[in-house]
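User: I have a model open and a few quick things to ask. Can you take them one at a time?
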Amino acid sequence: MPIRVWDYLPEYDNERKDLLDAVETVFRSGQLVLGASVRSFEAEFAAFHGARHAVGVDNGTNAIKLALQALGVGPGDEVITVSNTAAPTVVAIDAVGAVPVFVDVDPATYLMDTAQVEPAITDRTRCLLPVHLYGQCVPMEPLELLAERHGLAILEDCAQAHGARRHGRVAGSIGRAAAFSFYPTKVLGAYGDGGAVLTSDDEVARSLRRLRYYGMEEAYYVVETPGHNSRLDEVQAEILRRKLQRLDGYIDGRRAVAARYAEALAGTGLILPVTAEGNEHVYYLYVVRHPRREEIIEALAARDIQLNVSYRWPVHTMSGFAHLGAGPLPVTEELAGQIFSLPMYPSLPLHAQERVITALREVL
Ligand SMILES: *Cc1c(COP(=O)(O)O)cnc(C)c1O
């Protein structure tokens with residue numbers, strides 16, 4: 001049996017009745033778009049984070065895009081972020097006409113190196129966009145000080161960090177706004193696309209609700225500033241409501257997989273994930289590092305075990321962003337040649353995980 005780096009089918013087997021009931025609930029509700037399930041999910045997702053508002057949108061990329069617009073970021077403004085991230089972080093910055101400015105990452109955690117942010121601030125900088133990569137939070141305290149001192153907004157990219165905490169604060173509750181993806185692989189995943197923006201700022205929330213609905217107030221069909229159609233689907237919202245109830249369990253499952261990897265792979269020469277002090281990691285990905293990456297990936301593929309690389313091409317090196325002339329980013333560029341991720345999802349069967357461990361120990 002092949003082992004995939006991610007698979008939702010074991011979860012579907014476990015949760016099938018509840019998921020199909022969610023679909024039936026929406027189909028029977030009489031309102032298929034922006035109905036009771038979206039409203040309830042928004043209230044429950046906001047409450048989970050202690051935020052005043054959650055606004056459901058169609059995907060994580062548009063969550064970032066709409067959040068930037070709602071924060072007043074537009075053409076020519078600079079947004080400081082990282083290149084070791086999923087391309088959509090940067091695509092969303094580009095989509096609002098803003099300019100991504102990259103800082104390098106920390107060589108131990110692979111997260112934004114916050115010491116490099118202040119020197120990157122110019123009079124065009126409007127927003128700091130830390131990415132809580134792989135399931136743990138960027139050390140936010142220095143960014144909060146900088147945002148305060150320079151009058152900048154913080155937008156957290158939480159697409160990989162549902163339920164992660166830093167010094168007790170949950171990811172998404174720290175910045176002025178936070179963007180989430182519910183792409184199926186994520187820690188809280190839908191059965192299709194979905195996203196949300198969290199904020200405790202009433203004006204930002206109002207602006208987000210307009211932006212996802214053509215630019216109109218829902219009850220008042222006049223466009224003041226043209227927006228988008230970026231609504232969260234009602235069926236996905238109902239599925240997400242049910243899965244939000246189980247989020248702590250999914251995170252526990254991921255941590256159990258991570259703990260087994262950490263114990264079994266210590267001393268093999270693989271560089272294992274490092275959790276920053278004060279962080280509670282949710283292990284969206286289990287990212288390891290080794291200079292002979294390609295050989296290891298091939299050897300495991302020969303044993304029917306799929307590994308993945310997140311990310312093989314730093315965003316600033318992609319041809320679509322060559323015009324920025326960004327870089328060099330030495331840590332990001334070196335990591336990109338050595339990191340890879342092991343199979344990780346909460347319902348990963350124990351026997352499959354043991355096969356991964358045995359194969360890695362043999363190859364190393
Ligand atoms: C998945 C992801 C996104 C984009 O989310 P989509 O729902 O796929 O649009 C953005 N940022 C990061 C860090 C991601 O992992």
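User: Tyr 12 first. Is it buried, partly exposed or exposed?
Analyst: Tyr 12 is partly exposed, because its relative accessibility is 22%. The cut-offs: buried is under 20% relative accessible area, exposed is over 50%, and partly exposed is in between, with a 1.4 Å probe and protein chains only. This is a predicted model: local features need pLDDT of at least 70, side-chain atom pairs count only at pLDDT 80 or more, and totals for chains, interfaces and linings use all residues. Residues are numbered from 1 along each chain as its sequence is written, and side-chain values use heavy atoms, with hydrogens and water left out.

User: Which helix is Tyr 12 in?
Analyst: Tyr 12 is in helix 1, residues 9–29. Helices are DSSP runs of H or I with at least four residues, numbered from the N terminus.

User: And how far is Tyr 12 from Arg 241?
Analyst: C-alpha to C-alpha, they are 16 Å apart in space. In sequence, 229 residues separate them.

User: Switching to the ligand. Where does it sit?
Analyst: In the largest pocket. A pocket here is an open set of points on a 1 Å grid over the protein atoms alone, where a 1.4 Å probe fits, with protein on both sides within 12 Å along at least five of seven lines. A molecule sits in one if more than half of its atoms lie within 2 Å of its grid points.

User: Which elements give two or more residues to the shell?
Analyst: Helix 3 (60–70) and helix 4 (87–95). Helix 3 gives the most, with three residues.

User: How many residues surround the ligand?
Analyst: 15, counting those with a heavy atom within 4 Å of it. Gly 60, Thr 61, Gln 160, Ser 181 and Lys 186 are the closest.

User: What about N or O distances to side chains?
Analyst: From Ser 181, a side-chain N or O atom is 2.6 Å from a ligand oxygen. For Gln 160, that distance to a ligand oxygen is 2.8 Å. Thr 89 has a side-chain N or O atom 3.4 Å from a ligand nitrogen.

User: How many disulfides?
Analyst: Zero. The criterion is a pair of cysteine sulfur atoms within 2.5 Å.

User: Why does Cys 137 have no bond to Cys 158?
Analyst: Their sulfurs are 7.1 Å apart, so they are too far for a bond, and Cys 158 holds the closest cysteine sulfur to Cys 137. Cys 137 is buried, at 0% relative accessible area.

User: And Cys 127?
Analyst: The closest cysteine sulfur is again in Cys 158, 13 Å away, so that is too far as well. Cys 127 is buried, at 0% relative accessibility.

Note on methods: A polar contact is a pair of N or O atoms within 3.5 Å; within protein, one must be able to donate a hydrogen and the other to accept it, and residues adjacent in sequence count only if both atoms are side-chain atoms. On a 1 Å grid over the protein atoms alone, a cavity is a set of points where a 1.4 Å probe fits but cannot get out, and a pocket is an open set with protein on both sides within 12 Å along at least five of seven lines; lining residues have an atom within 4 Å of a point.
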